[in-house]
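Reader: I am new to this structure. Please take me through it, and tell me how each label is earned.

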Amino acid sequence: MRNNDRDTSKFISLILRHKPETIGITLDEHGWANVDELIAGVNKTHLLDMATLERIVAEDEKQRYSFNDDKTLIRANQGHSILVDVEVEEVKPPEILYHGTGEKFVASIDEQGLIPKSRLYVHLSGDIDTARKVGQRHGKPVIYTVKSGEMYRDGSVFYRSVNGVWLTKTVPIKYLERGAL
Ligand code: HQG
């Protein structure tokens, strides 16, 4: 991805997940923004046209965004703090999932379990490498193993976003093991 695209993509992610009001737009209940309004709003501070937006969506390494069929609407696939329903799919999880975090959060997690904090869900990863990368965003990474199969059998609901991120509301301490098993 080109450098300018990366900056623009970060800004689009802020708009579509957290603060659409920054450019004076709103999201609908399923998290969709109008593409023309998004381009016009973003273009005030970051160069953006339809071709650039299409390239950002196609090349995003985490496939963070989706268009609707006729490309008049766009939304982020996951990661929201705004209360929208992006229609994540309810799925039976694998026996084990991972959560990458920063060392500074460990004491609190060991006391409270995993909570979504500012986002709608706790984000879990299917493999240790991805969890480590997520954790590195918060400083020295720490990986938790999540007994997702046991949680599921005990009644917890799991979702997977279209870009493959595992989501659940909370993870109580009894299903957490520090370190990657
Ligand atoms: C921690 C990125 C204290 C939690 C990634 C995490 C992901 C607690 C932090 C997506 C806690 C929240 C989400 C507790 C959880 N006490 N801290 N009880 N429970 N935490 O950024 O999971 O690049 O909101 O461990 O790839 O790091 O943006 O969540 O460290 O998929 O597309 O609170 O963001 O994707 O941090 O990352 P975040 P996250 P993008």
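Reader: Which residues surround the ligand most closely, and how many are there in the shell?

Author: This is a predicted model. In it, 18 residues surround the ligand. The closest are Lys-62, His-99, Thr-101, Ser-108 and His-138.

Reader: What makes a residue count as near the ligand?

Author: One of its heavy atoms must lie within 4 Å of the ligand. The 18 residues around the ligand are counted on that basis.

Reader: Why is the pair of Ser-108 and the ligand called a polar contact?

Author: A polar contact is a pair of N or O atoms within 3.5 Å. A side-chain N or O atom of Ser-108 is 2.5 Å from a nitrogen atom of the ligand. That is within the cut-off, so the pair qualifies. Arg-17 has a polar side-chain atom 2.7 Å from an oxygen atom of the ligand. For His-123, a side-chain N or O atom is 3.2 Å from a ligand oxygen atom.

Reader: How much of the ligand does the protein bury?

Author: The ligand alone exposes 780 Å². The protein buries 89% of that. The ligand also takes up the space of the largest pocket.

Reader: Which elements give two or more residues to the shell?

Author: Strand E5 (97–102) and helix H4 (106–112) do. H4 gives the most, with three residues.

Reader: What classes of residue make up the shell around the ligand?

Author: Five are nonpolar, seven are polar and six are charged.

Reader: How do you know which domains the shell draws on?

Author: The chain is divided into domain 1 (3–76) and domain 2 (97–178). Each of them gives at least three residues to the shell. Their centres, taken over C-alpha atoms, are 27 Å apart.

Reader: Where is Asn-68, and what does its side chain reach?

Author: Asn-68 sits in the loop between strand E2 (65–67) and strand E3 (73–76). Its side chain reaches the backbone nitrogen of Thr-72 at 2.9 Å. A polar atom of that side chain also lies 3.0 Å from the backbone nitrogen of Leu-73. Both distances are within 3.5 Å, so both pairs meet the distance cut-off for a polar contact.

Technical notes. Residues are numbered from 1 along each chain as its sequence is written. This is a predicted model: local features need pLDDT of at least 70, side-chain atom pairs count only at pLDDT 80 or more; totals for chains, interfaces and linings use all residues. Side-chain values use heavy atoms; hydrogens and water are left out. A polar contact is a pair of N or O atoms within 3.5 Å; within protein, one must be able to donate a hydrogen and the other to accept it, and residues adjacent in sequence count only if both atoms are side-chain atoms. Accessible areas come from the Shrake-Rupley method with a 1.4 Å probe; for residues, only the protein chains shown count as cover. On a 1 Å grid over the protein atoms alone, a cavity is a set of points where a 1.4 Å probe fits but cannot get out, and a pocket is an open set with protein on both sides within 12 Å along at least five of seven lines; lining residues have an atom within 4 Å of a point. A molecule sits in a cavity or pocket if more than half of its atoms lie within 2 Å of its grid points. Helices (H or I, at least four residues) and strands (E, at least two) are DSSP runs, numbered from the N terminus. Ala, Val, Leu, Ile, Met, Phe, Trp, Tyr, Cys and Pro count as nonpolar, Asp, Glu, Lys and Arg as charged, and the others, Gly among them, as polar. Domain bounds come from an automatic or database domain assignment.
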